[in-house]
Amino acid sequence: MAEEFVYLNAIDIQNLKKTYFSGRKNSVEALKGIDLTVEEGEIFGYLGPNGAGKTTTLKILLGFISPTEGSVNLMGYPHEEARFHLRIGYVPEEHSFYPHLKLKQFLSYMSELTSVDGNLMERVDKVVEEFKLQKAYEKRMGDLSLGWRQKAALAAAFIDEPQLLILDEPTSGLDPMGVDDFFTTLKKGKSNGQTILFSSHQLSDVEKIADRIGIISKGEIIKIGNVQELLTSAGVSTLNELFLETMENSN
Ligand code: ATP
């Protein structure tokens, strides 16, 4: 019988610290002990200025780099083990693809790689439809524009209907229609119980889609909460204003 896991949060980060060392003397304290939880089925926007520690956090969640201290659990599994037990979709901040592969070959390869039930081409067709990739389907990855490559990366992340999505600046390079299609997919995912953590600098986009946000600055979480509640309590009408005010007060 499958082991049953009881967990409180889909993502549970406690006292997470990360120091990068380069050479004997140089070190950067990228994360200084962050606590962050994301509930199952929640869309969480992870915000912060350049160099604040967002990508570092996401890479630790995926087990790509190790923390210096602290604990990270994904749906009850320690982060180093999580990707062996869970379906996790990931879009990195920067991606590289085999340039000679056609988009259709790339997606069927990704479908095969992550397949749990053998419905390989149904999954490809579904993400092609959702991300409106039909026009690029026969093109080589190396010939796609930035926005089309980003859509391809998003489609690949969603291809096996992951339980958890960790997306580093997913709207980067997308045109407004692409953002709209992506949000439709996110909302559908949320209604199917998917948990989504994404970083972004596009605050007007985040405001439209996130249930809660967290703002990280210099390796520390300085604001966290429900978007509407944070706006109301700060007496501002946009996330952009809230962000700028929070950053000003933190300096
Ligand atoms: P951005 O919005 O610009 O993508 P970020 O919030 O994702 O920034 P990180 O990439 O997590 O920020 O970087 C946090 C800090 O850690 C920065 O000071 C960065 O220079 C440093 N850093 C990141 N990766 C490394 C590394 N491999 N070696 C040394 N320092 C690093």
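In the predicted model, G89 stands opposite L165 in strand 7. This pair belongs to the pairing of strand 6 with strand 7, which is parallel and extends over four bridges. Both strands are part of an open sheet of six strands, and the order across that sheet is 6-7-8-3-9-10. The pairing within the six-stranded sheet is mixed. Strand 6 (88–91) forms one edge, and strand 10 (220–226) forms the other. Each of these edge strands pairs on one side only. From one strand to the next, the twist averages 15°. In general, strands of a sheet pair through backbone hydrogen bonds, in either the parallel or the antiparallel sense.

Helices pack on this sheet at two places. Helix 5 (residues 146–158) touches strand 6 and strand 7. The direction of helix 5 makes about 170° with that of strand 6. Helix 8 (residues 227–234) lies across strand 9 (212–217) and strand 10. Relative to strand 10, helix 8 runs at about 105°.

Helix 8 also packs against a helix. Two packed helices are described by the angle between their axes and the distance between the axes. For helix 8 and helix 9 (residues 239–250), the angle is about 65° and the axes are 10 Å apart. The crossing of helix 8 and helix 9 is left-handed. Helix 8 contributes V227, L230, L231 and A234 to the contact, while helix 9 contributes L239, L242 and E245. By class, six residues of this contact are nonpolar, none is polar and one is charged.

A further open sheet is formed by four strands in the order 2-1-4-5. The pairing in this four-stranded sheet is antiparallel. Strand 2 and strand 5 (77–78) stand at the edges with a single partner strand each, so one side of each has no neighbour in the sheet. Strand 1 and strand 2 run antiparallel and are joined by ten bridges. Within this pair, L16 stands opposite I34 in strand 2. Helix 1 lies across strand 1, strand 2 and strand 4 (69–74). The angle between helix 1 and strand 1 is about 110°.

The ligand is surrounded by 13 residues. Of these, Y20, A30, N50, T55 and T56 come nearest. Strand 1 (11–22), strand 2 (26–38) and helix 1 (54–61) are the elements that give two or more residues to the shell around the ligand. Helix 1 gives the most, with three residues. The shell comprises four nonpolar, seven polar and two charged residues. Strand 1, strand 2 and helix 1 thus appear both in the ligand shell and in the packing of helix 1 across the strands.

The domain assignment divides the protein chain into domain 1 (1–86 + 164–187 + 194–251) and domain 2 (95–162). The C-alpha centres of domain 1 and domain 2 lie 25 Å apart. To their contact, domain 1 supplies 13 residues and domain 2 supplies eleven residues. On the side of domain 1 that touches domain 2, strand 7 (164–168) and helix 6 (176–191) each supply at least two residues. Helix 6 gives the most to this side, with four residues. The residues on this side of domain 1 divide into six nonpolar, five polar and two charged.

Terms used. Residues numbered from 1 in each chain as written. Predicted model: local features only at pLDDT ≥ 70, side-chain atom pairs only at ≥ 80, totals over all residues. Near = placed C-beta within 6 Å. Nonpolar A, V, L, I, M, F, W, Y, C, P; charged D, E, K, R; others polar. Domains from an automatic or database assignment. Contact = placed C-beta atoms within 7 Å. Pairing = 2+ DSSP bridges. Axes fitted to C-alpha atoms, helices over the stretch in contact; angles between N-to-C directions. Left-handed = near helix turned anticlockwise from the far one by under 90°.
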